Amino acid sequence: MSATGALATVVGPTADACTVRTMPRVLFVTRKFPPSVGGMETLAVDVWHALDGGDARLIAHRGSNRGLPWFLVRAAVSARRAARRREVDLVLTGDVLTFLTLRAFARTGRARLATMAMGKDVVWPPRPYQWLVRRWLPSADLVVAISQATAGTAIAVGVPDNRVQVVRLGVEEPPEADREEARRELRKRLGIDDETVVIATLGRLVRRKGVAWFVREVLPRLPERCVYVVAGDGDDRAQVVDARAALADPRRVRLLGAVDDADRELLLRGCDIFAQPNIPVAGDMEGFGLVAIEASMRGALVVAADLEGLRDAVVDGETGIVVAAQDAGAWVRRIGGLFEGDRLASLAAQYADGCRRLYGRDRMGAELRQVLGVRSPSA
């Protein structure tokens with residue numbers, strides 16, 4: 001039984017004869033939740049889905065970062081009140097930043113304190129933040145890491161390894177849809193013909209995603225019928241634009257900017273290859289890579305860098321293809337080999353089946369409940 005359970009006396013002839021562990025009452029506090037959109041928001045929904053029941057409560061920030069400071073203050077007060085009144089046995093925070101904010105408040109009473117760890121929230125480099133991480137994160141009763149790479153970062157800052165548990169993430173399986181219809185619609189919107197191979201990347205444009213590197217080093221060496229479609233925005237956009245401008249044919253890169261849910265779904269269903277060409281960046285890391293799972297389940301063939309949390313998100317030869325990070329030659333060979341003998345579509349379908357087996361949301365929920373010692377909501 002998990003160490004997060006609270007002690008309860010057994011009713012019987014002698015109250016001191018034995019004790020049993022009961023299911024903890026959980027308060028889940030997250031600063032990322034829909035209608036905001038992103039990987040952390042998706043994960044927070046899945047965590048809450050696993051916990052939602054009579055003994056679980058949710059405190060969630062559903063807006064922009066502008067209102068985050070006030071949310072953290074309110075969350076700290078609410079967590080302190082719940083802990084002091086012994087209304088909860090376990091406070092679970094959605095990431096390390098939220099844990100650091102709530103730690104001093106939620107320690108009141110007997111409530112235990114656990115946190116999810118995303119990866120970047122452990123290694124973010126500002127000195128004051130790192131001081132807090134190294135001073136306070138080791139005091140967590142439990143750190144739930146979203147990948148082996150993230151677990152390693154938590155242990156490296158001093159969290160005892162017996163307090164770190166990895167829960168492999170999962171996503172809700174998408175409903176059936178006509179992939180060929182999505183493929184045609186996407187090409188119609190992009191103004192390209194049916195023979196064009198669409199390689200897509202979706203997410204925040206930050207340096208670690210490797211988008212600018214892919215445009216400079218890989219795309220020019222791929223067949224001319226390959227078009228690279230990038231959805232998302234961020235600090236690295238200028239570098240991506242510069243890399244595109246240097247191509248012999250800049251039209252091979254399409255920058256969509258931020259997209260809504262409908263266009264996101266169309267891109268994941270309509271692209272042929274989904275690329276995650278991440279590169280190592282000091283003070284940053286890919287904690288997992290949920291979007292790679294979402295793309296694979298929708299029938300795109302995922303090609304990802306052999307780096308950090310992507311190693312947990314993509315199983316080479318089973319749910320996608322893993323390629324050495326920043327090895328342009330290897331990327332060109334692996335992607336180029338997909339066009340030989342029309343292997344792309346059949347491999348993508350095979351990997352989609354494997355992804356559904358390994359990365360279902362219900363499986364993730366069962367693992368998380370086991371780690372936390374929480375009863376299934378349906379029990």
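A residue is called buried here when its relative accessible area is under 20%. The structure described is a predicted model, and that cut-off underlies the account of its strands and of helix 1 given below.

**Strand 10 and its neighbours**

Strand 10, residues 226–231, is mostly covered, with six of its six residues buried. The burial extends to both faces of strand 10: Cys226, Tyr228 and Val230 lie on one side, Val227, Val229 and Ala231 lie on the other, and all are buried.

Strand 10 pairs with strand 9 and with strand 11. Strand 9 (residues 197–202) runs parallel to strand 10 and is joined to it by six bridges; within this pairing, Val198 stands opposite Val227 of strand 10. Strand 11 (residues 253–257) also pairs with strand 10 in the parallel sense, over four bridges, and Arg254 of strand 11 is the bridge partner of Val229.

Helices connect these strands in β-α-β units. Strand 9, helix 8 (residues 211–217) and strand 10 form a right-handed unit. Strand 10, helix 9 (residues 237–245) and strand 11 likewise form a right-handed unit.

**Strand 6 and its neighbours**

Strand 6 is largely enclosed by the rest of the structure, because five of its six residues are buried. Strand 5 and strand 6 run parallel and are joined by four bridges, with Leu113 of strand 6 as the bridge partner of Val91. Strand 6 and strand 7 (residues 142–145) are also parallel and joined by four bridges; here Ala114 has Leu142 of strand 7 as its bridge partner.

The parallel pairings described above are set out in the table.

| Strands | Bridges | Partner residues |
|---|---|---|
| Strand 9 and strand 10 | six | Val198 and Val227 |
| Strand 10 and strand 11 | four | Val229 and Arg254 |
| Strand 5 and strand 6 | four | Val91 and Leu113 |
| Strand 6 and strand 7 | four | Ala114 and Leu142 |

**Helix 1**

Helix 1 comprises 13 residues, 39–51, and reaches 19 Å from its first C-alpha to its last, close to the 18 Å expected at 1.5 Å a residue. Its buried residues are Glu41, Leu43, Ala44, Asp46, Val47, Trp48, Ala50 and Leu51. An α-helix has 3.6 residues a turn, so residues three or four places apart point the same way. The buried residues of helix 1 pack against four strands and two helices, namely strand 3 (26–30), strand 4 (56–60), strand 5 (90–93), strand 6 (112–117), helix 11 (290–297) and helix 15 (361–372). Helix 1 thus meets strand 5 and strand 6, which are themselves paired.

**Cavities and a pocket**

The structure holds two cavities of 30 Å³ or more. The largest cavity has a volume of about 60 Å³. Its lining consists of Phe28, Thr30, Lys32, Met40, Leu43, Ala44, Val47, Gly94, Met116 and Met118. Strand 3 and helix 1 are the elements that give two or more residues to this lining, and helix 1 supplies the largest share, four residues. Among the lining residues, Leu43, Ala44 and Val47 are also buried residues of helix 1.

The second largest pocket has a volume of about 390 Å³. It is lined by 17 residues, and those nearest its centre are Arg183, Asp272, Asp342, Leu344 and Ala345. The elements giving two or more residues to the lining of this pocket are helix 7 (179–190) and helix 14 (343–358). Helix 14 provides the largest share, five residues.

Key. Residues numbered from 1 in each chain as written. Predicted model: local features only at pLDDT ≥ 70, side-chain atom pairs only at ≥ 80, totals over all residues. Heavy atoms only, no water. Expected span 1.5 Å × (residues − 1). Buried < 20%, exposed > 50% of the residue type's maximum accessible area, 1.4 Å probe, protein only. Contact = heavy atoms within 4.5 Å. Pairing = 2+ DSSP bridges. Right-handed = clockwise from strand over helix to strand, strands pointing away. 1 Å grid on protein atoms, 1.4 Å probe; cavity = no way out; pocket = protein on both sides within 12 Å on 5 of 7 lines; lining within 4 Å. Points joined across faces, edges and corners; volume = space filled by probe spheres on them.
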